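Grab a viewer and work through a few exercises on the structure below. Each one has a task and then a solution in steps.

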Amino acid sequence: MKAQRVVWGETIADLAATDDRVVVLDGDLATSTRADIVADRVPDAFVQVGIAEQNMVGMAFGLSTLGYRPWLSTFGVFLTHRAVDQIRMLVSQTKAPVRIASAYSGLLNGSSGKTHQDIEDLAIMRAMPNMTVIAPADEVEAEAVFRWAADFDGPVYVRVARDAVTPVFEAPYTFEPGQPLLVADGEDVTLISTGVQTSRTLDAVRILAERGVRAKLIHLPTLKPLDADALCALVGDAREVVTVEEHSRIGGLGGLVAEVLSERGTARLVRIGLEDRWSESAPNDFLLDKYGLSPERVADAVLAQTAVAV
Amino acid sequence: MDAAATRPPNDELAALAREARWRIVETVAASKAGHIGGPLSATDLLIALYFAQLAIDPADPQREDRDRFILSKGHSAIGLYAVLALRGYFPVEELATFDHGDSRLQGHPDMLLTPGIDASTGSLGQGLSAGAGMALGAKRLGRDFHTWVMVGDGELEEGMVWETVLSAPRFGLDNLTLIIDLNGLQQYGWPAGDADRFDRSEPVGHVDLERVFTGFGWNALTIDGHDFDAILGAFDRVTADRGVSGRPTVIIARTAKGRGISFTEGTYRWHNGVATEEQLETARTELLGATGAGR
């Protein structure tokens with residue numbers, strides 16, 4: 001198992017070695033985000049901007065106007081919150097081909113706690129016009145997404161998880177933006193997940209199977225743009241749908257699926273995600289358990305909140 | 001393409017500036033909303049840039065080796081539009097569409113809509129950073145163009161500006177120049193005293209800008225931003241320094257808000273505003289003469 005951040009550093013270094021357009025802007029967190037892999041292997045592709053995220057976005061925009069395909073690399077929370085106006089004005093509005101590698105996204109950030117947990121990023125970024133928003137499930141999908149982004153001519157936001165998860169996909173894998181993917185099939189209940197939470201949700205599906213419940217799991221790597229027809233086709237005539245995300249229950253995957261289902265479907269929706277409250281600093285296992293995202297807790301919630309429990 | 005080599009005489013620049021100022025006040029009056037004070041304080045600097053300095057080609061606005069200009073104080077858009085129109089980027093008549101629906105001339109500059117705009121701006125403080133990225137890209141690609149950014153003095157209150165001021169010398173950006181339109185007033189700003197509540201103090205009047213920028217590793221020049229000899233002299237020093245010092249340059253241009261029209265000059269109340277018919281007539285006479293014929 002390999003962490004997405006390591007895959008990111010290695011893949012970008014790989015791309016930069018043969019593509020002069022690739023440049024990585026670091027906000028002095030290279031050893032954490034693993035932008036240091038790029039700095040070591042392709043020094044010319046690495047630009048230290050310093051602890052100045054707003055300036056980092058502005059400089060990436062400036063570089064993009066000269067044909068560069070810059071990657072912004074720092075903790076996601078400093079981009080999607082501190083530099084959100086810069087992303088909105090200089091990247092989203094101008095359709096600049098800037099790639100936002102949102103490191104340490106979600107709840108699990110190496111015990112840095114609530115100041116560094118970015119659990120609102122999907123809500124913020126998917127509300128921005130022109131922004132492509134992607135949350136890969138594992139190392140395999142992440143690498144495919146990074147390679148796809150290299151040639152995409154527009155702004156891209158990618159969640160990059162700090163820690164490794166059990167792989168969901170096997171190489172070779174071709175990323176198709178906007179497409180939902182059927183990860184597990186089952187008739188009793190339909191789950192939809194995104195990002196690395198899909199790996200944990202797949203484990204929840206296995207736990208449910210042990211308890212006699214056959215769950216369908218749909219993975220949504222792209223939150224925007226979304227092929228809603230394809231999603232509805234996969235959901236089919238399910239009467240209950242459960243979304244699971246390492247993100248606030250407000251405005252992220254649950255919000256997205258609510259929008260689609262309320263327009264097109266009749267299924268009842270259950271949203272599993274982080275409650276509208278602040279979390280805390282603790283080891284991953286503790287946080288996942290306490291805040292309801294561990295495979296066991298997800299399985300429990302599915303049984304408790306849907307008709308399969310009856 | 002090298003404007004500096006074929007500079008018009010100063011009286012011609014002054015006449016262009018008067019015409020641009022008239023277009024600004026006329027356009028804002030016609031669209032019934034817009035900024036006045038900031039565009040008028042920046043007019044002479046913009047005329048000097050576009051008619052005597054920037055290596056540009058209005059017939060080919062996206063030309064790769066063009067000099068870049070970013071109006072970070074994006075609310076002065078009408079000033080830039082007036083100068084771009086006079087320079088030939090689009091018909092002067094198009095100014096009449098300013099702020100109208102479906103217009104290419106938005107209330108704030110939009111690089112995807114308007115020929116000659118190198119960066120979209122409008123949220124204060126972001127332009128210098130964008131310019132630093134362009135200047136860094138030019139250095140990395142070995143291109144010889146120069147990047148110019150204009151900010152207002154009130155805009156210096158935005159923290160992001162200082163992120164770039166701190167880091168730009170590290171990248172050796174002697175191909176980057178910041179022009180501060182130091183007109184001494186912002187939209188409402190800081191009360192100067194109790195006697196007159198409309199008396200306002202300068203946004204950064206308490207700051208020794210030359211010393212601050214020099215301390216950050218920049219070259220710094222202070223000039224009269226309405227004196228074409230001074231402006232062009234500063235531009236020449238910037239050009240001579242490119243590729244030499246490794247330091248970006250700031251031109252601190254002392255200007256007057258609302259410059260050139262008696263009733264707008266020097267008052268923060270004309271930060272934005274719409275001239276009456278009577279005021280328009282006054283402005284026309286002051287800028288273009290009794291005949292209104294212009295140059």
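**Exercise 1. Backbone outliers, starting with A:D28**

Task: Find where A:D28 sits in chain A, then work out whether A:D28 is buried or exposed, or something in between.

Solution. Keep in mind that this is a predicted model.
- Step 1: A:D28 is in the loop that runs between β1 (22-26) and α2 (30-33) of chain A.
- Step 2: Its relative accessible area is 44%. Buried would need under 20% and exposed over 50%, so A:D28 comes out as partly exposed.
- Step 3: Now look at the backbone. A:D28 has a phi near 60°, which is positive even though the residue is not glycine.
- Step 4: Why flag that? Most residues other than glycine have a negative phi.

Another residue to try is A:R34, with a positive phi near 75°. You'll find A:R34 in the loop between α2 and α3 (36-41) of chain A, and at 24% relative accessibility A:R34 counts as partly exposed.

**Exercise 2. Cis peptide bonds**

Task: What is the omega of the peptide bond that joins A:A171 and A:P172, and which loop holds A:P172?

Solution.
- Step 1: Omega is about -5° between A:A171 and A:P172, a cis bond.
- Step 2: A:P172 belongs to the loop between β6 (156-160) and β7 (181-184) of chain A.
- Step 3: Repeat for A:K224 to A:P225, where the bond is cis with omega near -5°. A:P225 is in the loop between β10 (222-224) and α10 (228-235) of chain A.

**Exercise 3. Domain against domain in chain A**

Task: Describe the contact between domain 1 of chain A and domain 2 of chain A.

Solution.
- Step 1: Set the bounds. The domain assignment gives domain 1 as 4-160 and domain 2 as 181-305. Their C-alpha centres are 26 Å apart.
- Step 2: Count the residues in contact, 28 from domain 1 and 35 from domain 2.
- Step 3: Get the area. About 2,300 Å² is buried between the two domains, 57% of it from carbon and sulfur atoms. On the domain 1 side, A:L107, A:L108 and A:R126 supply 31% of the buried area, more than any other three residues.
- Step 4: Turn to polar pairs. The count between the domains is 1 salt bridge and 19 residue pairs in polar contact. A:R126 also forms a salt bridge with A:E259, with the closest N and O atoms 2.7 Å apart.
- Step 5: Add the elements. On the domain 1 side, α7 (121-126) and β5 (132-134) each supply at least two residues, and α7(A) gives the most, with 4.
- Step 6: Sort that side by class, and you get 14 nonpolar, 8 polar and 6 charged residues.

**Exercise 4. Chain B against chain A**

Task: How many residues of each chain are in contact, and how many salt bridges does the rule find across the interface of chain B and chain A?

Solution.
- Step 1: Chain B brings 28 residues and chain A brings 25.
- Step 2: The two chains bury about 2,100 Å² between them, with 61% on carbon and sulfur atoms. In chain B, the residues losing the most area are B:Q126, B:R140 and B:E163, together 27% of that side's total.
- Step 3: The rule finds 0 salt bridges but 10 residue pairs in polar contact.
- Step 4: α4(B) gives the most to the chain B side, with 10 residues.
- Step 5: Cross over to A:E53, in helix α4 (residues 53-64) of chain A. A:E53 touches B:E163, as well as residues including A:T74 and A:R82. At 3% relative accessibility, A:E53 is buried.

Technical notes:
Residues are numbered from 1 along each chain as its sequence is written. Chains are lettered from A and ligands numbered from 1 in the order in which they are written. This is a predicted model: local features need pLDDT of at least 70, side-chain atom pairs count only at pLDDT 80 or more; totals for chains, interfaces and linings use all residues. Side-chain values use heavy atoms; hydrogens and water are left out. Contact means heavy atoms within 4.5 Å. Buried area is the accessible area (1.4 Å probe) that two parts lose on being put together, summed over both. A salt bridge is a side-chain nitrogen of Lys or Arg within 4 Å of a carboxyl oxygen of Asp or Glu. A polar contact is a pair of N or O atoms within 3.5 Å; within protein, one must be able to donate a hydrogen and the other to accept it, and residues adjacent in sequence count only if both atoms are side-chain atoms. Buried means under 20% relative accessible area, exposed over 50%, partly exposed in between (1.4 Å probe, protein chains only). Domain bounds come from an automatic or database domain assignment. Ala, Val, Leu, Ile, Met, Phe, Trp, Tyr, Cys and Pro count as nonpolar, Asp, Glu, Lys and Arg as charged, and the others, Gly among them, as polar. Lists of a residue's contacts leave out its neighbours within four places in sequence.
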